[in-house]
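Please open the model in a viewer and keep the selection panel at hand. The tour proceeds from one selection to the next.

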Amino acid sequence: MGYLVAITVLWAFSFSLIGVYLAGQVDSYFSVMSRIVLAALLFLPLLRPRRLRGRQRLVLMGLGAVQLGVMYIFFYQSFLLLSVPEVLLFTVLTPLYITLLDDLMFRRFSPFHLVTAAMAVLGAAVIRYRGLDGDYWLGFLVVQGANFCFALGQVGYRRFSAGLPDELPRFSVFGWFYLGAAIVALPAFLWWGDATALPATPLQWGVLIWLGLVASGVGYFLWNIGATRVDAGSLAVMNNALVPAGLLVNLLIWNHDADLLRLTLGGLIILASLLVNEWWQRRRAPHSA
């Protein structure tokens, strides 16, 4: 859980950094490609190819292609259609995708996880729900594409990692994850990117380098490690913890308007969902022993 909390704090800044400094200014496909390439360069020196079989490498690359490559394409496009708070609002369905996909992959059904995920959805919706005028449905669907890819990648890595030896250092094989993402990001930029809309200021380059090396490189590695060490309910809840964290950063640093009462109430509901899930796990543990 510690990894998930730390990366939630780290990622809370990413929404505003993208929305304020990159969206509509730097080509979104270039932003995606640069983040993934930088993350790959961080992990390639640590890669030990012989520690995974050929099929395992392909699976890990496929997870990276979905969780990072395709997800980032959806994610960055959403900032062209929606504001930062709206993007945050529309991520509230991610916990439901996680719980359902986790049950599907591990061939079980845990209705209580759906309850805790629904509580987290309620908390996030309380924070940012307001009537949205205009044609925002396309933006909503684009964010849902990102949510589904992110959820599928997390749950898939949980299943994949469960089949690896405990003694295998995960950092020694995680480079395959970023290589898979790069296979999606590089052609996407070449086919659809705008080479005339590259970063124009040192600040924009600095934001991209930070997002690539830290938010993507360190962040996705530790988040996926954390995802293997908690149950699906806690993982689903922590996905929505990004909503109050991201809004708080947006409010305190960039002075965007936010309803403090809704922020507080929604954050408490999300915290309650995590506590309820922890209580359920402890209650169930003696019966499963």
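Angles between helix axes under 35 degrees count as roughly parallel, over 145 as roughly antiparallel, 65 to 115 as roughly perpendicular and the rest as oblique. The model is predicted: local features need pLDDT of at least 70, side-chain atom pairs count only at pLDDT 80 or more, and totals for chains, interfaces and linings use all residues. Residues are numbered from 1 along each chain as its sequence is written, and side-chain values use heavy atoms, with hydrogens and water left out.

**Whole chain.** Display the protein as a cartoon: 12 helices and zero strands appear, where helices (H or I, at least four residues) and strands (E, at least two) are DSSP runs numbered from the N terminus. Of the 289 residues, 54% are buried; buried means under 20% relative accessible area, exposed over 50%, and partly exposed in between, with a 1.4 Å probe and protein chains only. Switch to a surface next: the accessible area is about 13200 Å², and carbon and sulfur atoms hold 68% of that, by the Shrake-Rupley method with a 1.4 Å probe.

**Helices H1 and H11.** Select residues 2–22 (H1) and 242–254 (H11), which pack at an angle of about 55° with axes 8 Å apart. Axes are lines fitted to C-alpha atoms, for helices over the stretch in contact, and angles run from 0 to 180 degrees between N-to-C directions. H1 and H11 are therefore oblique to each other. Show side chains for the contact (heavy atoms within 4.5 Å): among the participants are Trp11, Phe15 and Tyr21 of H1, with Val249, Ile253 and Trp254 of H11. The contact comprises 12 nonpolar, four polar and no charged residues. Ala, Val, Leu, Ile, Met, Phe, Trp, Tyr, Cys and Pro count as nonpolar, Asp, Glu, Lys and Arg as charged, and the others, Gly among them, as polar.

**Helices H5 and H7.** Move to residues 94–105 (H5) and 137–162 (H7), whose axes lie 9 Å apart at an angle of about 35°. H5 contributes Tyr97, Leu101 and Asp102, among others, and H7 contributes residues including Phe148, Arg158 and Arg159. Here nine nonpolar, five polar and three charged residues form the contact.

**Trp192.** Finally, select Trp192 in helix H8 (residues 175–192). Is Trp192 buried or exposed? Trp192 is exposed, at a relative accessible area of 55%. Add Asp27 to the selection: 165 residues separate Trp192 and Asp27 along the chain, while their C-alpha atoms are 9.6 Å apart.
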